[in-house]
Amino acid sequence: MTTQVVTHQIIASYADTTSLGSITVLHFSERARLMRALKASGVCLLVACVCLCIPGAHFVLVPLTLLISPFIILRIHREKTRISHAEISCAKCREPLVVLATQELYPLFENCGACHREIKIQAG
Ligand SMILES: [Zn+2]
């Protein structure tokens, strides 16, 4: 199971203002992606087992969990990269920008928590 941690530069832009920052991304190998998918399937089965203990609601929750779990597992298996950490400031107000842990597909769009502007993030 190999997961590479790669850090590189990114550029946040809003209108004609920009700011520079860095991003740390996890790159999953095929084996790591398979292991993550197996862990997700275990969690889905665990949730289904816990739902068995809820009287009445288990008639809905257990089949629903088992029906949704293949889609969750497939989505996790398709994820080749994941953002683990980003240090960048908002291009408009210069406050620190929170970048959510998603797949690394540029351009990313994040809303600033301070000025509520949509900031475009690109690879630098
Ligand atoms: Zn801002």
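In this predicted model, a good place to begin is Arg94, which sits in the loop between E3 and E4. Arg94 has a positive phi of about 65 degrees although it is not a glycine. With 13 C-beta neighbours inside 10 Å, Arg94 counts as partly exposed.

The loop between E3 and E4 also holds Pro107. The peptide bond leading from Tyr106 into Pro107 is cis, its omega being near 0 degrees. For context, most residues other than glycine have a negative phi, and most peptide bonds are trans.

His116 is another residue with a positive phi, about 60 degrees, although it is not a glycine. Its home is the loop between E4 and strand E5 (118-123). Because His116 has 9 C-beta neighbours inside 10 Å, it counts as exposed.

Here are three residues side by side, with their places and neighbour counts.

| Residue | Place | C-beta neighbours inside 10 Å | Class |
|---|---|---|---|
| Arg94 | loop between E3 and E4 | 13 | partly exposed |
| His116 | loop between E4 and E5 | 9 | exposed |
| His27 | strand E2 | 14 | partly exposed |

**The sheet**

Let us turn to the strands. Which order do the strands of the sheet take? The sheet is open, has 5 strands in the order E3-E2-E1-E5-E4, and pairs them antiparallel. Strand E3 (81-87) and strand E4 (108-111) stand at the edges with a single partner strand each, so one side of each is left without a neighbour in the sheet. From one strand to the next, the twist averages 35 degrees.

Within this sheet, strand E1 (residues 3-14) and strand E2 (residues 17-28) run antiparallel and are joined by 12 bridges. One of the pairs is easy to find: His8 has Ile23 in E2 as its bridge partner. In general, strands of a sheet pair through backbone hydrogen bonds, either parallel or antiparallel.

His27 is worth a stop on the way through strand E2. Leaving out residues up to four places away in sequence, His27 touches Thr3, Gln4, Val6, Lys80 and Thr81. The C-alpha atoms of His27 and Val6 are 7.4 Å apart, while the two residues are separated by 21 residues along the chain.

**The helix pair**

How do helix H1 (residues 30-52) and helix H2 (residues 58-78) lie relative to each other? Their axes come within 9 Å and cross at roughly 175 degrees. H1 and H2 are therefore roughly antiparallel to each other. On the H1 side, the residues making the contact include Leu34, Ala37, Ala40, Cys44, Val47 and Cys51. From H2, the contributors include Leu61, Val62, Leu66, Ile72, Ile73 and Ile76. Sorted by class, this contact of H1 with H2 has 14 nonpolar, 5 polar and 2 charged residues.

**The whole chain**

Stepping back, the protein chain contains 2 helices and 5 strands. Along the sequence they follow the pattern β-β-α-α-β-β-β. Taken along the principal axes, the C-alpha atoms fill a box of roughly 55 × 35 × 15 Å. The radius of gyration of the protein chain is 19 Å, whereas a compact globule of 124 residues would have one near 14 Å. Of the 124 residues, 13% count as buried. Among contacts between residues at least 6 apart in sequence, 50% join residues at least 24 apart.

Methods:
Residues numbered from 1 in each chain as written. Predicted model: local features only at pLDDT ≥ 70, side-chain atom pairs only at ≥ 80, totals over all residues. Pairing = 2+ DSSP bridges. Helix = DSSP H or I, 4+ residues; strand = E, 2+ residues; numbered from the N terminus. Axes fitted to C-alpha atoms, helices over the stretch in contact; angles between N-to-C directions. Parallel < 35°, antiparallel > 145°, perpendicular 65-115°, else oblique. Contact = placed C-beta atoms within 7 Å. Nonpolar A, V, L, I, M, F, W, Y, C, P; charged D, E, K, R; others polar. Buried ≥ 20, exposed ≤ 12 C-beta atoms within 10 Å, placed from the backbone. Rg over C-alpha atoms; globule rule 2.2 N^0.38 Å.
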